[in-house]
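I opened this notebook to keep track of what I looked up, one entry per topic, for a reader who has not met the structure before.

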Amino acid sequence: MALEANIEHVHDMKKIMAYPILSTPALVINEKLACSGKVPSADEVRAYITSALAQ
Amino acid sequence: MAGNVAQRTEKSIWNGQSYRRILTLVLGLGLWGLVYYWLQPAADFVTFRVLGLAADSHLGSSVAFFLYDAPKVMMLLVLVIFGIGVIRSFFTAERARSILAGKREFVGNITAASLGIVTPFCSCSACPLFIGFVETGIPLGVTLSFLIASPMINEVAAVLLYGMFGWRIALIYVVTGLFIAILAGWVIGRLKVERYIEGWVLERRNSAGEVAETAMSFEDRVKYGLNAVKEIVGKVWPFLLGGIAVGAIIHGYIPDGMLAALMGKAAWWSVPAAVIIGVPVYSNAAGIFPVIQALIEKGAALGTALAFMMAVVGLSLPETIILRRVLRWQLLAIFVGVVAVGIVAVGFLFNAIL
């Protein structure tokens, strides 16, 4: 995947809780929660990004 | 007719590959049972025949203990972590929240503590979980029941207790852990201390959005269980082997009853002392276990040893520090205090009845 992306690691609890997250770690793509509570595999991340781009 | 249709659709989902995987699973479990059954004779054979050690010598008794216990505990651990992993794949924090939403306090505490056992949860998620529960209107005490039960009833500790002391003590540990979580959460709920939750958390109330859940197939759940085994057993095995080695040395060399005067039933103050020492000490269940075993075997009362273990495993300093972000220190102190009192009570109870 050759994409220009801005990746940010968020530690601030208040910022984290701006998303509907119950367990960490969580992944947010384009301000939408993609997954939480687990470390997704590379394939899963690819699928998340693809579906986020399709929207 | 309707049944036939249902069967046919199910067949199309269960293809040959699924059958083969299930067969592998069943065969694996059978093999597990067979090996487990032959562990004791194999350990004795290696110690007394192959190594030629005398059964009544210090060394012989230590080596036989280690050769039997180490594989036994590892095998139990793999099986139980796998089983719990599969069960946990049915539960998510989101599902726990939707089950708890709208529950009244007492029933809510019981449900929350039970869900705390089966919901996969790491103490690093204590904050988002706390906020997520409270903002949907789940009472503070019910939320805390969940947060207490989750680390208190530790599956690794339960397996170790079963492996070393039998199912009765493992059951006592699980049931009393559940009891403390229910009661401590309920007591804190009665105290009406919501004002000690950090302000920014309360401002968010009722703003929770629904989170979509993804469906899992049976194979996904098996995979989830195997991942749990890889992760947890991979993390604890060095502690475990080290711990069992220490336990084996104590088993062979230290005279029985040595600790009876200090930590026996007669010394009532040893229960609160064990909890006071145990709260700031933080260790995983595997690391603390050799200590517990040594204490019990050499004359410490069971209630005292269990209280120590619960204080170490259930009340951890890192989790308390994490929770400080959402709870003011007054509430945090009440939280630690109520749970500690509960653990002391359990210690006394078991010293009295066992």
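Is Glu105(B) buried or exposed, going by its relative accessibility? I looked this up before anything else, keeping in mind that the model is predicted. Glu105(B) has 18% relative accessibility, and because the cut-off for buried is under 20%, the residue counts as buried.

**Entry: the partner of Glu105(B)**

I then looked for what the side chain of Glu105(B) meets, and found a salt bridge with Arg190(B), at 2.9 Å from N to O. I noted that this pair links distant parts of the chain, since Glu105(B) belongs to helix α6 (residues 105–118) of chain B and Arg190(B) to helix α10 (residues 167–190) of chain B, 85 residues apart. Arg190(B), at 43% relative accessibility, counts as partly exposed. In general, side chains of opposite charge can pair when their charged atoms come close.

**Entry: a network around Glu198(B)**

Over all chains I have a count of five salt bridges, and I followed Glu198(B) next. Glu198(B) pairs with Arg324(B), where the closest N and O atoms are 2.9 Å apart; the two lie 126 residues apart, Glu198(B) in the loop between α10 and α11 of chain B and Arg324(B) in the loop between α17 and α18 (329–353) of chain B. Glu198(B) is buried, with a relative accessible area of 16%, whereas Arg324(B) is partly exposed at 36% relative accessibility.

Arg328(B) also forms a salt bridge with Glu198(B), with 3.9 Å between the closest N and O atoms. Arg328(B) sits in the loop between α17 and α18 of chain B, 130 residues from Glu198(B), and at 32% relative accessibility I recorded Arg328(B) as partly exposed. I therefore wrote down Glu198(B), Arg324(B) and Arg328(B) as linked in a network of salt bridges, each link being a side-chain nitrogen within 4 Å of a carboxyl oxygen.

**Entry: chain A by itself**

Turning to chain A, I read two helices and two strands, arranged along the sequence in the pattern α-β-β-α. Its C-alpha atoms fill a box of roughly 30 × 20 × 20 Å along the principal axes. Of the 55 residues of chain A, 18% count as buried, and chain A exposes about 4,100 Å², with carbon and sulfur atoms supplying 55% of that area.

**Entry: where chain A meets chain B**

How many residues of chain A are in contact with chain B? I found twelve, set against 16 residues of chain B. The two chains bury about 1,200 Å² between them, of which 68% is on carbon and sulfur atoms. Met13(A), Met17(A) and Leu22(A) supply 59% of the area that chain A buries against chain B, more than any other three residues. I noted that α1 (13–16) and β2 (32–36) of chain A each supply at least two residues of the side that touches chain B, and that the residues of this side divide into seven nonpolar, four polar and one charged. Between chain A and chain B the count of salt bridges is zero, and one residue pair is in polar contact across the interface.

**Entry: helix α7 of chain B**

My last look was at helix α7 (residues 126–135) of chain B, in which ten of the ten residues are buried, among them Phe130(B), Ile131(B) and Glu135(B). These buried residues pack against α1 of chain A, together with α5 (93–100), α8 (140–152), α11 (199–203) and α17 (317–323) of chain B. Just after α7(B), Gly137(B) takes a positive phi of about 90 degrees.

Key. Residues numbered from 1 in each chain as written. Chains lettered and ligands numbered in written order. Predicted model: local features only at pLDDT ≥ 70, side-chain atom pairs only at ≥ 80, totals over all residues. Heavy atoms only, no water. Contact = heavy atoms within 4.5 Å. Buried area = accessible area lost by both parts, 1.4 Å probe. Polar contact = N/O pair within 3.5 Å; in protein donor to acceptor, adjacent residues only side chain to side chain. Helix = DSSP H or I, 4+ residues; strand = E, 2+ residues; numbered from the N terminus. Nonpolar A, V, L, I, M, F, W, Y, C, P; charged D, E, K, R; others polar. Buried < 20%, exposed > 50% of the residue type's maximum accessible area, 1.4 Å probe, protein only. Areas by Shrake-Rupley, 256 points an atom, 1.4 Å probe, with all protein chains shown as cover.
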